[in-house]
Amino acid sequence: MTRTGVACITGASSGIGAATAEEFARQGWSLAIGARRTTAMQAMTANLLQIGAPKVFHHQLDVSSRKSVKEFAASVATEFPMGIDVLVNNAGLALGTARLTQATDEEIDQVLDTNVKGAISILRAFLPGMLERNRGHIFNMGSVAGFWVYEGGSIYAASKHALNAVTKTLRLELNGTPLRITSIDPGMVETSFSEVRFGGDKEKAAAVYKGMTPLTAKDIADCIWFAASRPAHVNIDQMVLMPVDQASVFKVHRR
Ligand SMILES: NC(=O)c1ccc[n+]([C@@H]2O[C@H](COP(=O)([O-])OP(=O)(O)OC[C@H]3O[C@@H](n4cnc5c(N)ncnc54)[C@H](OP(=O)(O)O)[C@@H]3O)[C@@H](O)[C@H]2O)c1
């Protein structure tokens with residue numbers, strides 16, 4: 001896809017979503033971005049316009065609220081009446097590393113409501129328009145936790161396994177249409193992800209990446225752009241991206 005278009009990115013206020021917004025802006029695409037923190041998106045907008053986005057629309061979005069998803073989708077449709085071309089279904093989080101019996105009900109609900117039900121709500125809000133217009137490329141933000149598991153990660157892994165199942169099902173359901181769907185499945189990426197997971201504890205978060213070289217959010221954005229910019233008949237089903245220092249969820253080389 002060499003032409004420009006409109007990319008809609010959820011969870012665009014930081015990390016992978018923000019870097020992906022920058023990459024599409026650099027490529028001359030317009031952006032519809034959503035997250036709960038509007039001030040962060042407001043702060044990003046001038047830069048996105050300056051590096052090449054013809055138009056940037058941001059709107060508050062809590063993917064775990066169906067009402068918020070509906071409002072977000074309706075505003076995006078009003079701002080971009082020709083519809084979106086790319087959907088980066090990226091909003092997500094992990095909370096804590098407690099074993100199943102120690103995790104709190106609140107942590108479990110928030111992770112599943114965001115990563116599973118939230119991602120599904122976004123798909124249900126944007127897919128009908130894509131099908132009507134016969135164009136669109138969906139990126140679901142998976143993880144290596146979508147096919148590997150580790151102790152203390154049951155709920156996060158369950159959420160990404162579930163999303164993986166949704167992606168694979170949609171690939172079957174979209175067969176026969178020109179729509180494309182790609183699962184992006186990274187290993188360790190240094191973003192706010194670990195800080196959020198450890199409730200704002202910066203030291204604990206920094207220790208996750210100590211002595212190894214993690215992926216950057218830009219590494220992931222580059223891959224999303226690569227997949228989006230393939231010719232229309234090419235679907236990259238899945239991209240698994242790992243830091244060279246990470247061989248599995250269990251094996252990380254630290255210097
Ligand atoms: N970092 C990694 O190692 C890694 C590896 C594999 C996969 N992933 C996945 O990559 C995605 C992005 O994570 P990241 O690493 O970029 O972490 P991040 O920097 O913490 O970004 C997470 C983004 O999701 C948004 N978000 C969280 N809950 C939301 C909600 N209820 N509604 C709307 N937006 C919400 C956050 O925005 P607000 O707080 O403003 O709402 C933020 O923009 C996630 O799906 C994560 O599971 C990350």
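Trainee: Which helix gives the largest share of the shell around the ligand?

Mentor: Helix H1 does, with three residues. Please keep in mind that this is a predicted model.

Trainee: Which elements give two or more residues to that shell?

Mentor: They are helix H1 (15-26), helix H4 (105-133) and helix H6 (193-197).

Trainee: And which residues come nearest to the ligand?

Mentor: Of the 32 residues around the ligand, Gly11, Gly15, Arg36, Arg37 and Gly92 come nearest.

Trainee: How do the residues of the shell divide into nonpolar, polar and charged?

Mentor: There are 15 nonpolar residues, 14 polar ones and three charged ones.

Trainee: Back to H1, please. How many of its twelve residues are buried?

Mentor: Eleven of the twelve are buried, which leaves H1 mostly covered. Among them are Gly15, Ala21 and Phe24. From its first C-alpha to its last, H1 reaches 17 Å, close to the 16 Å expected at 1.5 Å a residue.

Trainee: What happens just after H1?

Mentor: Gly28 takes a positive phi of about 85 degrees there.

Trainee: Let me turn to H3. Which of its residues are buried?

Mentor: Val69, Phe72, Ala73 and Val76 are buried in H3. These residues cover an arc of only 95 degrees around the axis, which puts them on the same side of the helix.

Trainee: Why would residues three or four places apart point the same way?

Mentor: An α-helix has 3.6 residues a turn, so residues at that spacing point the same way.

Trainee: Which residues are exposed on the other side of H3?

Mentor: Lys67, Ala74 and Thr78 are exposed there.

Trainee: What covers the buried residues of H3?

Mentor: The cover includes strand S1 (6-10), strand S2 (30-35), strand S3 (56-60) and helix H4.

Trainee: How many residues has the largest nonpolar core?

Mentor: That core has 65 residues, and those with the most contacts inside it are Ala7, Ala21, Leu31 and Ile220. Its largest share, eight residues, comes from H4.

Trainee: What is Ala7 in contact with, leaving aside its neighbours within four places in sequence?

Mentor: Its contacts are Phe24, Trp29, Leu31, Ile84, Asp85, Val86 and Val88.

Trainee: One last topic: where is Glu173 found?

Mentor: Glu173 is found in helix H5, which comprises residues 154-173. Glu173 counts as partly exposed because it has 13 C-beta neighbours inside 10 Å. The C-alpha atoms of Glu173 and Glu79 are separated by 28 Å, and the two residues are 94 residues apart along the chain.

Note on methods
Residues are numbered from 1 along each chain as its sequence is written. This is a predicted model: local features need pLDDT of at least 70, side-chain atom pairs count only at pLDDT 80 or more; totals for chains, interfaces and linings use all residues. A residue is buried if 20 or more other C-beta atoms lie within 10 Å of its own, exposed if 12 or fewer, and partly exposed in between; C-beta atoms are placed from the backbone. Helices (H or I, at least four residues) and strands (E, at least two) are DSSP runs, numbered from the N terminus. The arc is that of the directions from the helix axis to the C-beta atoms. Two residues are in contact if their C-beta atoms, placed from the backbone, lie within 7 Å. A residue is near a molecule or strand if its C-beta atom, placed from the backbone, lies within 6 Å of it. Ala, Val, Leu, Ile, Met, Phe, Trp, Tyr, Cys and Pro count as nonpolar, Asp, Glu, Lys and Arg as charged, and the others, Gly among them, as polar. A nonpolar core is a set of buried Ala, Val, Leu, Ile, Met, Phe, Trp, Tyr and Cys residues joined through C-beta atoms within 7 Å. The expected span of a helix is 1.5 Å times one less than its number of residues.
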